[in-house]
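Hi,

Here is the structure I said I'd pass on. Have a look at it first, and my notes follow underneath.

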Amino acid sequence: MDNQMFSVRRTAKNPRVLMLLVAFSFFLLLLAMSNTKPVYAAGTVPAPQRIITGGDGGGITPTPNTIYGQIESLGGLGPYPARILVNLIQFTSIWTIYTDDIGCFQFQTGAYYPGQTSLVIMPNIRYEITVNGGYINEMGGWIPDPAWGQWAGYVVTDDTCWAQVYPRLQPAAQVNVTYAALFSNTQFATLQYGLQTTSTFSHSVSFNVLNSGISIGYSTSSSATFTCWVTGASSISVAKHHYANAFYDSTLTNPAVVKAGISSQVPFTLFYSYPAMEYVDPSTLNVSYADFSINEGSGQKYQYSETGSRTWGATAGVPFGIIFSAWSQVITLGETVTTSGISDVSFSVYVPSGYGYGFVNFRAYSPGAGSFNPLQDPNKGTGGLELHVWDMSGKG
Amino acid sequence: MQWKRVLLFSLLFLILVVSTFYYVLPNVLFRPRIDAVPAGAYVVPWMRPNPSIQDLLRVPLDQLPWTLDAVMAGALRLDVTFRIAMPSGTRVIPSTVYLGHDADYLYMGGRFSGIGPNPFSNPQAGYPDYFDIKFDVANDGVLTFPEGGSMMEVVVSLPGPGTPPHGWNTRLFWSYLDEVWRNYIAAVGRAAWDFADAYGMTVNTAGEMAAEYDNSTGTLVIISSRHLWRAGYYTNSFQMRPGERWVMGFLLELGLANPNNGANGHPVYGDYVDGWPINTYPYLSNDSSWWPKLVIDLTSPPQTIPGQTTPGTKT
């Protein structure tokens, strides 16, 4: 070792050797300033290079020891989802950062990541990248930003420890999760329909995926405790906006959506209503229903207990399925509404005077669990959150 | 003599225990809150709607409607002109807000002339107009979890088959929503008002609610009740006991819900709203020191409560 150091000192004192070193350094400098592009590993550069705002306008200049990326939105208002979580995963280590305001991110060797170890990017290594989640096996469960979907893929570094990746992310769909529905064909009778809290209870809506190959993920249920009234001759459903999310796994041999579901209510949304089409024929009912007559100028209030579960969804042939698209794939969710505890549902039928109709015959039906017999108050029957009332006289 | 001493001691001990349970605990640990009434405070009078809200629900909507002046006679009246700014212009909404109470309920009413249907409503979906009262329950000028609030939303169906374009709208949906002030909401990264059920709370203060809407004039009328206190429900801080007198800060809001709230890059707070005494939407500060004061006094129940003489079948 001493001989080597002595030798280097002597070499440095030699003017010719020194000139050669300077010339070689100058050559390296020229080489670096040229437009030579690094050789990327196959399959890691599928997208054209993007211009980075604030850069030199010539596109990305590959920086060794860096994994660069930019998230592309598959829809929504902007081309990029801003400020979204990106993870770089190698074995059991995970480095987490947020994108900038135009969806760009980069991981660099030696960079400090809060709460994590310093990152060293190695050459020719396949790293996992996940967007809006954590480890791949956690994707489709908890989701940091419910307004967006989740994505997972690979990125492979080259000999200079450089790589780039462009995840394509799907915004969450906003879908209607139905909590109650009323169907009525009575134009003249006034109908009130109330869900009133008489004790502690909640309505829980659980979901399942009807597509084969996609499993249910995220929150598998959503609950609401509410008091609402629906009135008038109408057929409407009462709903709240929820985020429908999906996880696209591009690490698979055949990349696809592998999980889907409802993550949460859209913040600060109120209940709203949307028209529902009657799908039950009252003349062909073969389950329990209630017939009653109301004389013109009078009315009656009926009550029943609402408990148990009821499946809503496309498979049941009712118009409450949740359908949305993610990564060009149409996904259909089914809903099952379950009430824990007991609540009272009441409806009233009043026939205004002045029409000359005399008695009007009505039929009511609720496809909930148990027998539906609201006429026997206080020994009420049971029903669901879906109520049908028909004027069977054809008078209104 | 020994047994007499024991008996005497036991008697004194018993008196001490009983007085502790029946006097000391209720008056020290559960001391009734009796606030001093500041000058300029709005005092909510004792009254009951007449007819009751339950009875109003029985009135056919295409019959002659009920008038809030009569139903809420004797209530505190606040005449407010809301101005809701929208891209299509400003909706000027002359309004009257009514507040009254009995021993069990706070009654809230409002007539909003010209509010019109929600501009986002269409044949595929109806979105609500809403009236909102927020309370600084502790009246300390600082909002802290879980201050209470009441929101009454009404979806006015657009005129269509079965609904005459003029006259009283016969296709309405309405709902009562309980509110809490949360010190941190992840969705917005800060403190804000939130719905109790969105926080996982039971909607515990809902009483009855009725609404009517005049298609001809775009007038919305709302009446609602909220429990002053419900045994077993303590999630909301608005839990007022008999014999108490509370002074609370309060704020009114009238709004039109935006269904694009938080959707694909839209701001989470995107409703069209005006407030009273001033518009502060979205209310993100916890400073409520400037709010007007509202007084509910349960210390001296009157012999006869104006309005409905029997509570009837109110829930």
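**Around B:Trp174**

Not counting neighbours within four places in sequence, B:Trp174 is in contact with A:Cys228 and A:Trp229 from chain A, and with B:Met152, B:Glu153, B:Val154, B:Met209 and B:Ala211 from its own chain. Bear in mind that this is a predicted model.

B:Trp174 also turns up in the largest nonpolar core, which has 154 residues. It is one of the residues with the most contacts inside that core, along with A:Val238, A:Ile331, B:Met152, B:Val154, B:Met209 and B:Ala211. As background, nonpolar side chains in soluble globular proteins tend to be buried together.

**The sheet in chain B**

Chain B has an open sheet of 5 strands, in the order E2-E3-E4-E10-E9, with antiparallel pairing. Strands E2 (76-86) and E9 (206-214) of chain B sit at the edges with a single partner strand each, so one side of each has no neighbour in the sheet. On average, neighbouring strands here are turned by 15° against each other, direction ignored.

If you want to trace one pair by eye, try E2(B) with strand E3 (residues 89-101) of chain B: they run antiparallel and pair over 11 bridges. B:Ile84 stands opposite B:Arg91 in E3(B).

**The sheet in chain A**

In chain A, 3 strands make an open sheet with mixed pairing, ordered E5-E1-E8. Its edge strands are E5 (104-108) and E8 (162-165) of chain A, each pairing on one side only. The twist from one strand to the next averages 15°. Strand E1 (residues 66-70) of chain A pairs with E5(A) in the antiparallel sense over 5 bridges, and A:Gln70 has A:Cys104 in E5(A) as its bridge partner.

Cheers

Note on methods:
Residues are numbered from 1 along each chain as its sequence is written. Chains are lettered from A and ligands numbered from 1 in the order in which they are written. This is a predicted model: local features need pLDDT of at least 70, side-chain atom pairs count only at pLDDT 80 or more; totals for chains, interfaces and linings use all residues. Two strands pair if DSSP finds at least two bridges between them. Helices (H or I, at least four residues) and strands (E, at least two) are DSSP runs, numbered from the N terminus. Axes are lines fitted to C-alpha atoms, for helices over the stretch in contact, and angles run from 0 to 180 degrees between N-to-C directions. A nonpolar core is a set of buried Ala, Val, Leu, Ile, Met, Phe, Trp, Tyr and Cys residues joined through C-beta atoms within 7 Å. A residue is buried if 20 or more other C-beta atoms lie within 10 Å of its own, exposed if 12 or fewer, and partly exposed in between; C-beta atoms are placed from the backbone. Two residues are in contact if their C-beta atoms, placed from the backbone, lie within 7 Å.
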